[in-house]
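Please open the structure in a viewer and keep a selection panel at hand. The tour proceeds by selections, each followed by a description of what is found there.

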Amino acid sequence: MADVRDMYMAHAMLRREFSLLPQLVRSVAPGDANRAEAVAAHADLICHLLHRHHEGEDLLLWPRLHERGGAEAEAIVPTMEMQHAAIEEAHAEVVRLLPGWRATGQGGDELAEVFERLYDVLAEHMALEEREILPLAERHVTAAEWKQLGEHGMAGVPKKQLPLGFGMAMYEGDPEVIKALLKEVPLPARLLLPVMAPRLYAAYAKRIHGTRTPPRVGAR
């Protein structure tokens, strides 16, 4: 059956990056379009990873739990679906505000407030998912089906950004989970990613967060 430990690793990455976004936006001086562009590109990437992650759950996880999970699933999956809708509503506000701020560096306070709302609903959702959904998935979803979730998420990421995305996840990842994930990739990537991905994220974090070691938040 499914080994759900990789979900904790993905959630730690999302918690960290989304928790830092409001202050990142506020730290951009009004009118500094160059810095706004860098932070907005980062926000775009993180939002895209989140969207693909949740889209995979909507398409591949909730239907299976509805079908197989009985009363336990029916008591919690509708709440998950409603939380996804709330997250998408906040994300739609980000999509509305981000281009203008990205181009001019103006209007950052409103955008930062939206990112705070997005993080609040996302953090609540991930905590509930870890507490209620992952135990259900371990009992009702096969390993092959669980693997499809990860494949769906990665399929929407440009190939040149995949090593960076893996480095983001590795930053707080369980070494045993990382090792298990690497077994699923071709040999060249299996050899290169453990070295290259953390370096890519460290350099990226220095550029975006001002440090190669941004605060760790971990799974909760």
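The stops below cover the nonpolar cores, the salt bridges and a surface patch of this predicted model.

**The main core**

Begin by selecting Phe18, Trp101, Phe115 and Met168. These residues have the most contacts inside the largest nonpolar core, a set of 40 residues. Next, colour the helices H1 (5-26), H2 (33-68), H3 (70-104), H4, H6 (162-170) and H8 (187-209), since each of these elements gives two or more residues to this core. The largest share, 10 residues, comes from H2.

Now centre the view on Met168 and display its surroundings. Leaving aside residues up to four places away in sequence, Met168 touches Met13, Arg16, His42, Leu45, Ile46, Leu49, Tyr201 and Tyr204. Another core, of 18 residues, lies apart from the largest one; Ile133, Leu134, Val141 and Leu149 are among its members.

**Tyr119 and Arg16**

Select Tyr119, which is placed in helix H4 (residues 108-140). Is Tyr119 buried or exposed? Its relative accessible area is 15%, and Tyr119 therefore counts as buried, the limit being under 20%. Add Arg16 to the selection and draw the C-alpha to C-alpha distance: Tyr119 and Arg16 are 9.9 Å apart in space, although 103 residues apart in sequence.

**Salt bridges**

The whole structure contains 17 salt bridges. Keep Arg16 selected and add Glu17: their side chains meet in a salt bridge, at 3.0 Å from N to O. Both Arg16 and Glu17 are buried.

Move to Arg26 and Glu116, whose closest N and O atoms are 2.8 Å apart in a salt bridge. This pair links distant parts of the chain, with Arg26 in helix H1 and Glu116 in helix H4, 90 residues apart. Arg26 is partly exposed, at 35% relative accessibility, and Glu116 is partly exposed as well, at 33%.

For a pair within one helix, select Glu176 and Lys179. Both lie in helix H7 (residues 175-182), three residues apart, or about one turn of the helix. Their closest N and O atoms are 3.8 Å apart in a salt bridge. Lys179 is partly exposed at 48% relative accessibility, and Glu176 is partly exposed with a relative accessible area of 46%. Then select Arg16, Glu17 and Glu172, which salt bridges with shared partners join into one network.

**A surface patch**

Finally, switch to a surface representation and select Leu192, Met196 and Leu200. Together they make a nonpolar surface patch of about 250 Å². Met196 lies in helix H8 and is partly exposed, with a relative accessible area of 34%.

Methods:
Residues numbered from 1 in each chain as written. Predicted model: local features only at pLDDT ≥ 70, side-chain atom pairs only at ≥ 80, totals over all residues. Heavy atoms only, no water. Helix = DSSP H or I, 4+ residues; strand = E, 2+ residues; numbered from the N terminus. Buried < 20%, exposed > 50% of the residue type's maximum accessible area, 1.4 Å probe, protein only. Core = buried A, V, L, I, M, F, W, Y, C linked by side-chain atoms within 4.5 Å. Contact = heavy atoms within 4.5 Å. Patch = residues over 30% accessible without salt bridge, like charges linked within 9 Å, V, L, I, M, F, W, Y side chains within 5 Å. Areas by Shrake-Rupley, 256 points an atom, 1.4 Å probe, with all protein chains shown as cover. Salt bridge = Lys/Arg side-chain N within 4 Å of Asp/Glu carboxyl O.
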